[in-house]
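Colleague: Could you walk me through this model, with the cut-offs spelled out as we go?

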Amino acid sequence: MGHKGFQINKLLSIIMLCTLMENSFKPIATAGLSSPSITMFKDMESECNSYCIGIVKPILQQTKQTQFTELQDQIRNLNEIIKDTEKKLSEAEIKLGVCEDATRNRETLANEQLNRKTMQLTELQHKVKEQDAGFKKMEAECSGLRSSLGICEENIKNREVQYAQLLDLNISCNNSSKIKDELLATSKALVERHKSAASSDIIKVELKEQKINEMEASIKEKDTVIMTHNLKIENQTSTIMKQTEEIAELKAQLSDYESPSCYGKSTDVHVIRVPGSEPFPVFCDSVLTDSGWTVIQRRRDGSITFNRNWTDYTIGFGDLRSEFFIGLQKLHLITQSQHHELYIFLQGFDEENRYAYYDHFLIGNETDDFKIVSLGLYKGTAGDALSSQKDMKFSTPDRDNDRSTGNCAKEFRSGWWYRKCYYCNLNGEYFNGKTTNQYGINWFSWHKNSLQFVQMMIRPKPH
Ligand SMILES: [Ca+2]
């Protein structure tokens, strides 16, 4: 800086000198002087140098010194300003750094909060999912709490025992009342703390128990609802089963109503339907010989009389499960509806069984007085006692259709296809035990005595 200041001062001195010189010679120059004037100027210049410098030099030096001092001041001021500015700049940089840090911190905090909220949200979702499982956990916790309650109660008891012991100690430590008070205070505080902890646990357990009770009540309500529903379902199932049974029964009846014979039916009373008649009950027998027979007459104990009039024999009489005659009108309708065969089962009081079979049994209508139109071929073990009655009309005591001059039906006290009068009479009087009289149930081709059991059966002849 010193060297630079010196050069500046030197420059200033030259400028001042040249100014002085220019002002001294200006009138000459403006008067249009040329080369000779320049030569004169140079002379004056050297003269000036020799005179003026001696005068000006101290002034210039003074001036230079003053300016130098001022310049130095200015430089100092400038340096101070620069220092201030640098100081402010560093402060500003520090503040800027602080601000950036603060901004970064806030961003970090904000990101952390965001992450935390996201985690909380995820946790909440998990908690919601875990609530169902929470019930079981709660129960487990409750049992744990119950056991911890027990432990706490035991602790309390222990503490109370300790308290009592401490009281004893207190008595023995009368000499040191301060220690005693401290011990008492400590033990009381411990007891209070344990009591407080225990009561807190009790409250927790009570809350859990309350929740469990509420859940149990809810479960009971649901059980009641389920039981009600179960009862309803049971009732409905029972109703459905009853209805199914009824339907099956109705179907069986319907099947009976549509069936023209005992074919495929069990040994029992069934309903059949033949053309020209409403459905009517018959007794079906599938055990006496083979299956599908319709019983048309049975004698077994003499429980009813067969000494009956035309009307009774036309419509039938007796009990289908005991002694009965099916009725001539039905016999006519059944046997004319399709080809029927006839099976007569006979049993004596000596328990011997015989049978007579005819392969085409047909009874005429009432106009023909229900005569035996056809019997077909005989087969059997009892002998053919019925063929002698073929083509005979039916006679009853009140309707004499026989070929006798007398009244066979009246004579032999029954209805039958009498000729003059009979070779068999299965509607004769029932006699308990052996009798050879002609009024009994007779089949003379085999048996001379009245029979114990007779059953006449028909069925459509299998093709
Ligand atoms: Ca007669």
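Modeller: Happy to. Let me begin with a term: a salt bridge here is a side-chain nitrogen of Lys or Arg within 4 Å of a carboxyl oxygen of Asp or Glu. The model is predicted, so local features need pLDDT of at least 70 and side-chain atom pairs count only at pLDDT 80 or more, while totals for chains, interfaces and linings use all residues. Residues are numbered from 1 along each chain as its sequence is written, and side-chain values use heavy atoms, with hydrogens and water left out.

Colleague: Thanks! How many salt bridges does that rule give?

Modeller: Counting Lys or Arg nitrogens against Asp or Glu oxygens in this way, the total comes to 13 salt bridges.

Colleague: Which residue forms a salt bridge with D268, and what parts does the pair tie together?

Modeller: The closest N and O atoms of D268 and its partner R321 are 2.9 Å apart. D268 lies in strand β1 (residues 268-272) and R321 in the loop between β4 (317-318) and β5 (324-325), so the pair ties together parts that are 53 residues apart in sequence. Helices (H or I, at least four residues) and strands (E, at least two) are DSSP runs, numbered from the N terminus. The partner of D268 is thus R321.

Colleague: Are D268 and R321 buried or exposed, or in between?

Modeller: Buried means under 20% relative accessible area, exposed over 50%, and partly exposed in between, with a 1.4 Å probe and protein chains only. D268 has 28% relative accessibility, and R321 has 49%. By those limits D268 is partly exposed, and R321 is also partly exposed.

Colleague: What about S322, in the loop between β4 and β5: which residues does S322 touch?

Modeller: S322 is buried, because its relative accessibility is 10%. Contact means heavy atoms within 4.5 Å. Leaving out residues up to four places away in sequence, S322 touches R298, R300, D301 and S303.

Colleague: How far apart in sequence are the parts tied together by R459 and D290?

Modeller: Their side chains meet in a salt bridge at 3.3 Å, N to O. R459 lies in strand β13 (residues 453-460) and D290 in the loop between β2 (280-285) and β3, so the parts that they tie together are separated in sequence by 169 residues.

Colleague: Which of R459 and D290 is buried?

Modeller: D290 has a relative accessible area of 35% and is partly exposed. The other partner has a relative accessible area of 14%, which puts it in the buried class: R459.

Colleague: And D369 with R399: what parts do they join, and which residues share a salt-bridge network?

Modeller: The closest N and O atoms of D369 and R399 are 3.5 Å apart. D369 lies in the loop between β8 (362-363) and β9 (372-374) and R399 in the loop between β10 (378-380) and α6 (408-412), so this salt bridge ties together parts 30 residues apart in sequence. Elsewhere, salt bridges with shared partners join one network of D290, E341 and R459.

Colleague: Which residues coordinate the calcium ion, and how are the donor residues spaced?

Modeller: Donors are N, O and S atoms within 2.8 Å of the metal (3.2 Å for Na, K and Ca), and water is not among the atoms, so sites may look incomplete. The ion is coordinated at 2.1 to 2.7 Å by D400 (OD) twice, D402 (OD), S404 (O) and G406 (O). D400 is partly exposed at 37% relative accessible area, and S404 is partly exposed at 23%. The spacing of the donor residues in sequence is D-x1-D-x1-S-x1-G.

Colleague: In the largest nonpolar core, which residues touch the most other members?

Modeller: A nonpolar core is a set of buried Ala, Val, Leu, Ile, Met, Phe, Trp, Tyr and Cys residues joined through side-chain atoms within 4.5 Å. This core has 59 residues. One of its best-connected members, L426, touches residues including I344, W416 and W443, not counting those up to four places away in sequence. The residues touching the most other members are L342, I344, L386, L426 and W443.

Colleague: Last one: what share of the chain's residues is buried?

Modeller: The chain has six helices and 13 strands. Of its 463 residues, the buried share is 29%.
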